[in-house]
Amino acid sequence: MTDGGTERRLVAGWQGRYYEDFAVGDVYKHPYGRTVTETDNVWFTNLSMNLNPMHFNEAYAAETEFGERLVDGTFVIALAVGMSVIDVSANATANLGYDDIRHHEPVFHGDTIFAESEVLEKRESSSRDHVGIVTTGLRAYNQNGDLVLSLERTVMVLKRSHAEPSAAQPTGWPEGIGTQPEDLS
């Protein structure tokens, strides 16, 4: 009990989807849009050694059809895939592939990106009984609703019967860290 008479409980947070939770045709609108900054673009361009001046040379980019620098397309891919993890691959054991990647519109500094995934296919793994294979169509949009990126993503996802997360020890937490059931009695 707390001082206010309310009973404390250890409640599991979101643990991601397991193979059984996916259904072909389901669409997940991933939470949290993210505004792309100049810093994101410059750092990613430098980290990945992308030497195209369209991403880091303002004078050069000003003379192109776009009139300004473009955000590195591989950053947009990484951002959209990252946004999808909460719904698609929090329980993945492997990313198997990225296919049919298309950049539909440019992304500029200051654009806010939103992403959604549609389950296109799922099947049992033929070589591993503890996982299934899920393919999603990932789409990213800017703040104006323009489709800026699409791709297919295939992941190997853990089956619920082989997962052992609990409220006291969610995935990724070492045993005994933080509040434990015995702390609440």
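Three aromatic pairs are held by the structure, which is a predicted model, and one of them makes a good place to begin the tour.

**First stop: an aromatic pair**

Select F44 and F75, whose rings form an edge-to-face pair, with 5.5 Å from centre to centre and 70° between the planes. Because F44 lies in helix α1 and F75 in helix α3, this pair ties together parts that are 31 residues apart in sequence. Colour the two residues by accessibility, and you will find that F44 is partly exposed, with a relative accessible area of 23%, whereas F75, at 11% relative accessibility, counts as buried.

**Second stop: helix α1**

Now select residues 38–47, which make up helix α1, and within that helix pick out D40, N41 and T45, its buried residues. If you turn the view until you look down the axis of α1, these buried residues fall within an arc of 120°, and so they line one face of the helix. What covers the buried residues of α1? Show β2 (34–35) and α3 (73–88), both of which are included in that cover. Then rotate to the face of α1 that is turned away from its buried side, where you will meet the exposed residues W43, N46 and L47. Before leaving, step to M49, just after α1, which takes a positive phi of about 60°.

**Third stop: charges over rings**

Next, select R17 together with Y28, and you will see that R17 lies over the face of Y28, at 3.7 Å from the ring centre. A further arrangement of this kind can be found by selecting K122 and Y19, where K122 lies over the face of Y19 at 4.4 Å from the ring centre.

**Fourth stop: strand β6 and its partners**

Select residues 147–158, which form strand β6; 10 of its 12 residues are buried, so the strand is largely enclosed by the rest of the structure. Add strand β3 (residues 92–103), which runs antiparallel to β6 and is joined to it by eight bridges; at H103, look across to L149, its bridge partner in β6. Then add strand β5 (residues 131–141), which also runs antiparallel to β6 and is joined to it by 11 bridges. Follow the hairpin of β5 and β6 through the five residues between the strands, where G145 takes a positive phi near 85°.

**Fifth stop: R139**

Select R139, which lies in strand β5 and stands opposite S150 in β6. At 21% relative accessibility, R139 counts as partly exposed. Which residues does R139 touch, not counting those up to four places away in sequence? Show V27, F114, A115, E116, E118, L147, L149 and S150, and you have its contacts. With E118 there is also a polar contact of 3.3 Å, which joins the side chains of R139 and E118. If you draw a distance from the C-alpha atom of R139 to that of I101, 38 residues apart along the chain, the separation is 10.0 Å.

**Last stop: D146**

Finally, select D146, whose place is in the loop between β5 and β6, and which, at 34% relative accessibility, counts as partly exposed. Leaving aside its neighbours within four places in sequence, D146 is in contact with E105, A140 and Y141. To finish, select Y19 again alongside D146: these residues are 127 residues apart in sequence and 31 Å apart in space, C-alpha to C-alpha.

Key. Residues numbered from 1 in each chain as written. Predicted model: local features only at pLDDT ≥ 70, side-chain atom pairs only at ≥ 80, totals over all residues. Heavy atoms only, no water. Buried < 20%, exposed > 50% of the residue type's maximum accessible area, 1.4 Å probe, protein only. Helix = DSSP H or I, 4+ residues; strand = E, 2+ residues; numbered from the N terminus. Arc of directions from axis to C-beta. Contact = heavy atoms within 4.5 Å. Phe/Tyr/Trp six-rings, centres within 6.5 Å; stacked < 30°, edge-to-face > 60°. Lys NZ or Arg CZ within 6 Å of the ring centre and 35° of its normal. Pairing = 2+ DSSP bridges. Polar contact = N/O pair within 3.5 Å; in protein donor to acceptor, adjacent residues only side chain to side chain.
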